[in-house]
Amino acid sequence: MLTADQISKFNDDGYIVLPNFKSADELAELKTRALEIAAGDNSEVQKAIFTTDREKRNLANAANKYFIESATTVKCFFEEKAFDDEGELIQPLEQSINKIGHAMHDLDPVFKAFSSGEKLHELANDLGMIEPQVWQSMYIFKQPRIGGEVGWHQDGSFFYTEPMSVITFWFAVDDATLANGCLWVEPSGHKGPLRERYTLTGEFPKMNEIDPTPWPDTDTAIPLEVKAGTLVCFKGTLPHYSAANTSDKARHATTLHVTDGHADYVKENWIQRGADFPVRGFTS
Ligand code: FE2
């Protein structure tokens, strides 16, 4: 599927941009389904966080529990700016959701169809994966005006394998622009160290610094303004971020996090799968 030049550029830059990977019909079907899930959300946990300090502290645990439970289910998460001072939603429910996660690719038929198939398998092989394993799906709304920024990070922090193997598959469902919070990357930044690891060894998860190398200066980052249907793939150690959405238009995107079954996926990673719900590939 990819040329030798594309593969060597991916290895050098740490990312690759593939326009027109998904059709308008595929995107429309996924977006409709995501909005249905968001509109039907009835969780109270995230909403309750924004009441009083005391409750916030106590419910922070509940929120973390809710997050952990989403590893093998389908749950909605709210934008931080979705609520007024009384804790009531300012906008309709489906315009207040930050994202849906994290097992739609296995549990929802529409997401499953979008997230599987020979084309993705072949691409993963070209990117160097022998046995792709899809651990996580997210649907990110980046809502107009309230869609928050996501600061510098590396996805390898969340999907640690030895050796490092995770590749993020980031699909633009809407056009991604500077105004609506497109992805920014540090080209070749994947050659630097992994800075953090997100682990779950007790009841609650923890982010641990493992290397003090500072995050890149924003002026070395480049924006990936891409059209709907574009797939961006990037390596687990590539630093990236996305700005807030200050525009009047949503910036929907959906992602898959994929590791190579030939690498060792460690037991401290927050998403684990057992024999009852095994991790699967794009074609298995
Ligand atoms: Fe990320």
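Q: What volume does the largest pocket have?
A: The model is predicted. Its pockets were found on the protein atoms alone. For the largest pocket, the volume comes to about 1200 Å³.

Q: Which residues lie nearest the centre of the largest pocket?
A: The lining counts 41 residues. Helix 4 (53-69), strand 3 (97-102), strand 4 (132-140) and strand 5 (150-153) are among the elements that each supply at least two of them. Nearest the centre lie Phe67, Asn98, Lys99, Met138 and Val150.

Q: How many residues in the lining of the largest pocket are charged?
A: The lining divides by class. Nonpolar residues number 19 and polar ones 14. The charged residues number 8.

Q: How many charged residues line the second largest pocket?
A: This pocket holds about 190 Å³ of space. Its lining includes Asn11, Met129, Lys235 and Asp260. By class there are 5 nonpolar and 5 polar residues. The charged count is 2.

Q: Which residues coordinate the iron ion?
A: The donor distances are 2.1 to 2.2 Å. Along the chain, the donors follow the spacing H-x1-D-x84-H. Two donor atoms are NE2 and one is OD. The residues are His153, Asp155 and His240.

Q: How many residues apart are His153 and His240?
A: His153 sits in strand 5 and His240 in strand 13. The pair links distant parts of the chain. The separation is 87 residues.

Q: Is His240 buried or exposed?
A: Buried means under 20% relative accessible area. His153, at 16%, meets that cut-off and counts as buried. His240 has a relative accessible area of 4%, so His240 is buried.

Key. Residues are numbered from 1 along each chain as its sequence is written. This is a predicted model: local features need pLDDT of at least 70, side-chain atom pairs count only at pLDDT 80 or more; totals for chains, interfaces and linings use all residues. Side-chain values use heavy atoms; hydrogens and water are left out. On a 1 Å grid over the protein atoms alone, a cavity is a set of points where a 1.4 Å probe fits but cannot get out, and a pocket is an open set with protein on both sides within 12 Å along at least five of seven lines; lining residues have an atom within 4 Å of a point. Grid points are joined across faces, edges and corners, and a volume is the space filled by probe spheres set on the points. Helices (H or I, at least four residues) and strands (E, at least two) are DSSP runs, numbered from the N terminus. Ala, Val, Leu, Ile, Met, Phe, Trp, Tyr, Cys and Pro count as nonpolar, Asp, Glu, Lys and Arg as charged, and the others, Gly among them, as polar. Donors are N, O and S atoms within 2.8 Å of the metal (3.2 Å for Na, K and Ca); water is not among the atoms, so sites may look incomplete. Buried means under 20% relative accessible area, exposed over 50%, partly exposed in between (1.4 Å probe, protein chains only).
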